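Reader: Could you take me on a close look at one part of this model, the aromatic rings and whatever surrounds them? I would enjoy one connected walk through it.

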Amino acid sequence: MLEKYFLPSDYFREFHSITPQYLKDRGIRAVITDLDNTLVGYDEPDANESVLEWFKSMNENDIKVTIVSNGSRNRVGRFCDPHDIEYIFRARKPLGSAYNKAVKMMDEDRGETVMIGDQLMTDVFGANRVGLKSILVLPVKKKDGWATVVNRRIERILMKYFDQKGLIQWGD
């Protein structure tokens, strides 16, 4: 049961290592991604060059991207609006409604959509619950917001379990 809900489909150290070719090779045409500590630190308000280049490469390869964040409208909008990035704020992850809404917004099939995030307890769990593929990335910063601290403790226990079972192989 732990594997069904908390084991990601794949692991990468950094989001920008996930290339359009990697996604296409797996039949992925759409990406849902978390924002805070997945793309930038939770305390970084704006997209940096690495994020913008990654979005550009996805766009050039016809891979749709939508950000799904538990953050506020101000937080997520400030990040996304200047770059015309689709988003859902206050997503209430791991509840499934925001994932389903994002798939519908992108007009893609669930089987051709992946969730990229830095947390097992929200991003991966939510995606797995609604039948999406999921990719776990390492947080871009060691420091988290106060609401994430408990999740990280549970996550360490789960990751140790998965590692002991030989279920974790990190991509580039």
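Author: Happy to! Let us start with a charge and a ring: Arg129 lies over the face of Phe125, 5.5 Å from the ring centre. Please keep in mind that this is a predicted model.

Phe125 also has an aromatic partner. Seven aromatic pairs are counted here. In one of them, the ring centres of Tyr5 and Phe125 are 5.8 Å apart and the planes stand at 80 degrees, so this pair is edge-to-face; the angle needed for that label is over 60 degrees. The two partners come from distant parts of the chain, with Tyr5 in helix α1 (residues 2-6) and Phe125 in helix α6 (residues 120-129), 120 residues apart. Ring pairs also bring in Phe6, so that Tyr5, Phe6 and Phe125 are linked into a cluster. As for solvent, Tyr5 counts as partly exposed because its relative accessibility is 24%, and buried would require under 20%.

From the ring cluster we can follow helix α6 to the sheet. The sheet is open and has six strands, in the order β1-β6-β5-β2-β3-β4, with parallel pairing. At its edges are β1 (10-12) and β4 (86-88), each of which pairs on one side only. From one strand to the next, the twist averages 25 degrees.

Take the β4 edge for a moment. There, β3 (residues 64-68) pairs with β4 in the parallel sense, over three bridges. Val68 stands opposite Ile88 of β4.

Now for the helices that pack on this sheet. Helix α3 (residues 49-60) touches β2 (30-33), β3 and β5, and its direction makes about 135 degrees with that of β3. Helix α6, the one that carries Phe125, packs on the sheet too: α6 touches β5 and β6 (133-137), and the angle between the directions of α6 and β6 is about 165 degrees.

One last stop takes us to the loop between α5 (97-106) and β5 (113-117), where Asp107 lies. Asp107 is exposed because its relative accessible area is 65%, and the cut-off for that word is over 50%. Asp107 and Ala30 are 77 residues apart in sequence, while their C-alpha atoms are 9.0 Å apart in space.

Note on methods: Residues numbered from 1 in each chain as written. Predicted model: local features only at pLDDT ≥ 70, side-chain atom pairs only at ≥ 80, totals over all residues. Heavy atoms only, no water. Phe/Tyr/Trp six-rings, centres within 6.5 Å; stacked < 30°, edge-to-face > 60°. Helix = DSSP H or I, 4+ residues; strand = E, 2+ residues; numbered from the N terminus. Buried < 20%, exposed > 50% of the residue type's maximum accessible area, 1.4 Å probe, protein only. Lys NZ or Arg CZ within 6 Å of the ring centre and 35° of its normal. Pairing = 2+ DSSP bridges. Axes fitted to C-alpha atoms, helices over the stretch in contact; angles between N-to-C directions. Contact = heavy atoms within 4.5 Å.
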